[in-house]
Structures are given as C-alpha cells and as structure tokens.
Amino acid sequence: MRGPSRYLAGLLLVVATLPAAASGAPATVYLNARVWTGDPAHPVAEAFAVSGERFAAVGSEAEARRAAGPEAVAVDLQGRRVVPGFNDAHWHLPARRSARLDNAGSVDEIQRRLIEYAHSLPSGSWVVGRGWMPTDFPERRAHRRYLDAIFPDRPVVIRDRDGHQALANSRALALAGVTRDTPDPPDGRIIRDGDGSPTGLLQEAADNLVADLLPPLSPDDTYHLLLEELAAASSLGITSLQDATDVGLTDNERGALERAQAEGRLTVQYRAAVPLEPNPTPEQLRHAVEMWDATRGQLLYYGFAKGMLDGTVDAKTAYMLEPYVGGGNGSPFYEQADLDRDVAAYDRAGLQVELHAIGDGAIRMALDAYQHSSEVNGPRDRRHRVEHVEVPALTDIPRFRALGVIASTQAIFATPDVSTLENYAPLIGPERAARAQAFRLFDDAGAVQAFGSDYPVYPMDPLLGIYTAVTRQTRAGTPPGGWYPQNRISVEAALAHYTRDAAYASFDEGDKGTISSGKYADFAVLSEDILTGPPQRLLDARVLLTVMRGRVTHRAPAGTPQDRSGQTTHAEPVRVH
Ligand SMILES: [Zn+2]
C-alpha cells in the first residue's frame, strides 16, 4: 500500500495558497485533473474554472483558463480523480455523544467499551451508547443483566444499530418506573421475561420511557456536536446533506445550524425535514411552506416532510406482505386512509413527502398514497420519496418510475456482515433476501435512486457506501463474489446515485450534482482513481480536498492518514467565509 504523504505533498503546496471565495476574489482554475463530471453529455474533463460559488467552465485547459481570466489562481491537481461533491440523501444529526458499540461482536466487548467510555463522564451520570446488534448477545437476546453486571447503580441505556430498540439496565428502568405492571405504550413493546418482568429491551416507542429521562443538551453542546459532524462530513467529500429526522430539527439543532450559517461555519449544504403531521392543520402546512420559501438558495433550507410507516427487519417491526420466517409481522404506523389523507394534504401544499418504508407491505402503502395524491391533486413534478425501500415486492418496482417516486436507498445497508447473514436474511428467507437492497433492480427499472448513509445508524463515508454497492461484500471481501451479486452496480452508477440523483431528489439538479458550468462548485479530489482498478481502491482512497460552493471545506492534513475506520473523523472544522 502506498503511504499518503508521498502523493499529498505537491497538492498541499498549491492548495495552501487558495483564496477564500469572497466576491471580487480572482477565479481559480484547476488543471491536470481527471474529472468525472456526472454529466452524461460531457462525461469527462481535464480542467475547470471556479468563479465565486460556481463553476465558470469545465472542459479543456484552454477553456478553463479562458473563463478564469489572467488573474486566476492555478491549482495543479497532478492527474487526480475529481468527482462531484457527495450528497448524502438520508442523514441524521446525532442527538448526543455516546459510546460507539458498532461491530462489537460480543457482550464482553460491549461491556469493555461502555466501561471505557464511562470514565470520560462525570460519576453517576447516564451512560449512553449506540450501535449494538442482536447478534452481539447470546442467543441474540439482549438483556439488562449484561449491563447490570458492570453498572449496578448507574443508569445505562444503549440503542441498537438501527435505532429502533434500546436496552436499559435495571437502574434506568427503576428511574423510569418501568415494572412488570407497566403496559406497552402505543406503537411500542416492552420485551418481558417469562414471569412478565421487563428484560430491559424496549422496542420502537417504548424506548421513550427511558430516553425521556436523559438530561438535555445545552445549545452550546449541540453547536459543538454539529461542528464536529460537519467537519467529519467535509473530510469525506460530502458537500450536501439531507436530514431525514422525522421529528424535524429541535430548537437547539435549528439554533446551532443557524449559528453555524451566520458564523460561516456551515461547511455543508443542509436540507432539513419537517415532520409529517397527522391530519395537518392549514397553519402547519403554511408554516412548512413558509420555512421553505424563506430559505431557498441558502445553505440551510427546507422543503420536505418526513413520516414513518414501519420499523426494521432486524427488529421484526418492518411491515411485510407475508409474515417473517418463523412467524410474526410488524404493524404499519398508519391506516392507509389516514396516510392517503395526510400525504395528499402536504402534496396539495406543494411540499415533497418522504416516507420511511422498509417492508414490502409498507412500501406498497407509500406508493399507494403517492398514487392517490396524483389522482386527487392532478399532475405535478412531485418527486415524493420512499426511504430505505429495503424489500420491495417485484411488482411494485416499476411503479417508482411510473409515479415519478424516488427510491432513497442506502448502499451500505447491503453490507453482508454477521447481522445481515445471521439475522436479517433468515428472518425474510431467500426469496425476499434476493430482492433486498436490490439497487440493480431499481436501476434496471429506470427509477431515480438517491444514495444516503442513514448516519449515525451506519458510517457516513460515501466511498464505503459505493464499495458496498459495487461489491456487496464486507471490507474484508466476504462473502466471495458478494451477497446476491446480481444486485451489484457499477462505480459510475453508484457515483451518480450519490451525486446527481441525490440532487434531483431534493429538486437541486439545476444547481448541484454534476461538475458543469453554472452549477455550484461542489467537488472532491481523491487520492486514488476509483474508476479504474479493483474495488479495493474505494477503501484505500482518501479525500484530499473538498470544495463546497467554491470554498475549501476540507484539505487532508499532511502526513496523517485519514481515519475512515469509524463513524466520525476528527478533522479540524474549517471556517468558510
Ligand atoms: Zn434514517
């Protein structure tokens, strides 16, 4: 493997002299590049010019120099691969700092990480973690006893990787007053032992019984959490995020984002959802439209409503047309008639709707609701979306194109790790597993497919997502040939889903998504040419430089390897002006 510092040195010398993209500043011309533009009409270029926030020319060196003018600053990219800035179409701002339990693999490892993390907290305070999987526990049964063993007196709650269930210890249950006499809340389940006492596992809405007790973050806590996450996103080449949180932004989060924008520290274009309210009032709809109108073109903007139709396969809460293998099924969170009414109300107001739907039953409900909207409200460019759309019925796949509905998929969900192979796939059985995370089927059916990460459920690294879509293997290259390899797609197709198609999914294709003259100058310079050579290059590649609307938002620190192993990196936030 080549060390990063060798090929970084030259690039860093030139980018260190880059000016901020202030108005009146000279243009910048980027030369000697291998540009994948994402524009099918002009797929490749060797140079481009950036003037202010936008690309002024994309093409040959002569064209770029001419557009940039004699005063332009020249940057020699030394033959590096350049791609449009990544647009994560489904992302969440983490609610709080927590112990990372991803890929723990065993109770011992979960306990070890929690103990280590707890050392960094004030004594007696809540210990919060996230990222475990059922397969981490003996017989896949998470139980409070494993947390009581290490924290008998201190409240602990750890959320699973998918965010649809949490495990609380006995102290946390006691503080929440959850006993064998506590009834299941609506839309939630308290898992119980044979004698009726809670195991500590709280599914769906039941986890609020404990989560509501967590101490709130101060506005300053949230602001610093945000800056850390933005820096991580920029370091991975991300220039746009679409925050899919169904409850919308909290006051703290909105405050943090507005503060970051005002202080020039919002390094990513940030589109945030408003909640899909049940039976919305005219005031609620008007407010959603006003927020959108008031923020068009800004870095922080709105324009869509997010709702939830079901849970997840791993928790058996996704709503399937047929029961899970071994019995049981999830229940949809809506009656179809209520869903039709609510979606049509947002649709009539001109808003985009996105619905979380994972099981084939929930996906069909979403498509039926969108079809109902077009029938009652008439033709319009609506671009409603189904989020995750994990296990569609084969007969429903052509409806995406026919209805103009976007398949908002997460490439990294196809990671064939132990949870996928030993929990997810057996729960749905081989016929349904063969159409799970079936990126190829959507492409073949002509649907618009927008890629996102669902961070912090999964890592936000787009190159890791693309690797997964291309190989359907783990980072270790297992299983040989890939998991349901007929659903693999090409690097170029995956890149388009993470850039051009994600921009289309937010109505931003006129401004973003390809490296084209007139669009925002959003791009990433990579250390490796990911379009040639083996897929391993996607794992080895580093983002050397990220530019968002003409401003440098990340440059790889010299000599230090980029941390792409975990959920976040610790790059310094870059101030943009
Ligand atoms: Zn999500």
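Visitor: Does Asp207 count as buried or exposed?

Guide: This is a predicted model, in which local features need pLDDT of at least 70 and side-chain atom pairs count only at pLDDT 80 or more, while totals for chains, interfaces and linings use all residues. Residues are numbered from 1 along each chain as its sequence is written, and side-chain values use heavy atoms, with hydrogens and water left out. Buried means under 20% relative accessible area, exposed over 50%, and partly exposed in between (1.4 Å probe, protein chains only). Asp207 has a relative accessibility of 5%, and therefore counts as buried.

Visitor: How many residues apart in sequence are Arg159 and Asp207?

Guide: Arg159 forms a salt bridge with Asp207, their closest N and O atoms being 3.0 Å apart, where the term requires a side-chain nitrogen of Lys or Arg within 4 Å of a carboxyl oxygen of Asp or Glu. The pair links distant parts of the chain, since Arg159 belongs to strand S11 (residues 156-160) and Asp207 to the loop between strand S14 (198-204) and helix H6 (208-211), their separation being 48 residues. Helices (H or I, at least four residues) and strands (E, at least two) are DSSP runs, numbered from the N terminus. The separation of Arg159 and Asp207 is thus 48 residues.

Visitor: Which residues coordinate the zinc ion?

Guide: Donors are N, O and S atoms within 2.8 Å of the metal (3.2 Å for Na, K and Ca), and water is not among the atoms, so sites may look incomplete. In sequence the donor residues follow the spacing H-x1-H-x361-D. His92 lies in the loop between strand S8 (86-91) and strand S9 (99-100) and Asp454 in the loop between strand S21 (449-451) and helix H15 (462-471), so this pair ties together parts 362 residues apart in sequence. At 2.1 Å, the zinc ion is coordinated by His90 (NE2), His92 (NE2) and Asp454 (OD).

Visitor: Which helix gives the most to the largest nonpolar core?

Guide: A nonpolar core is a set of buried Ala, Val, Leu, Ile, Met, Phe, Trp, Tyr and Cys residues joined through side-chain atoms within 4.5 Å. The largest such core has 87 residues, and those touching the most other members are Tyr270, Leu309, Leu355, Val386, Phe400 and Ile466. With seven residues, the element that gives the most to this core is helix H11.

Visitor: Which residues are linked with Glu109 in a network of salt bridges?

Guide: The side chains of Glu109 and Arg112 meet in a salt bridge (2.9 Å, N to O). Being three residues apart in helix H3 (residues 107-118), Glu109 and Arg112 are separated by about one helical turn. In the network, Glu109 is linked with Arg112, Arg113 and Glu116.
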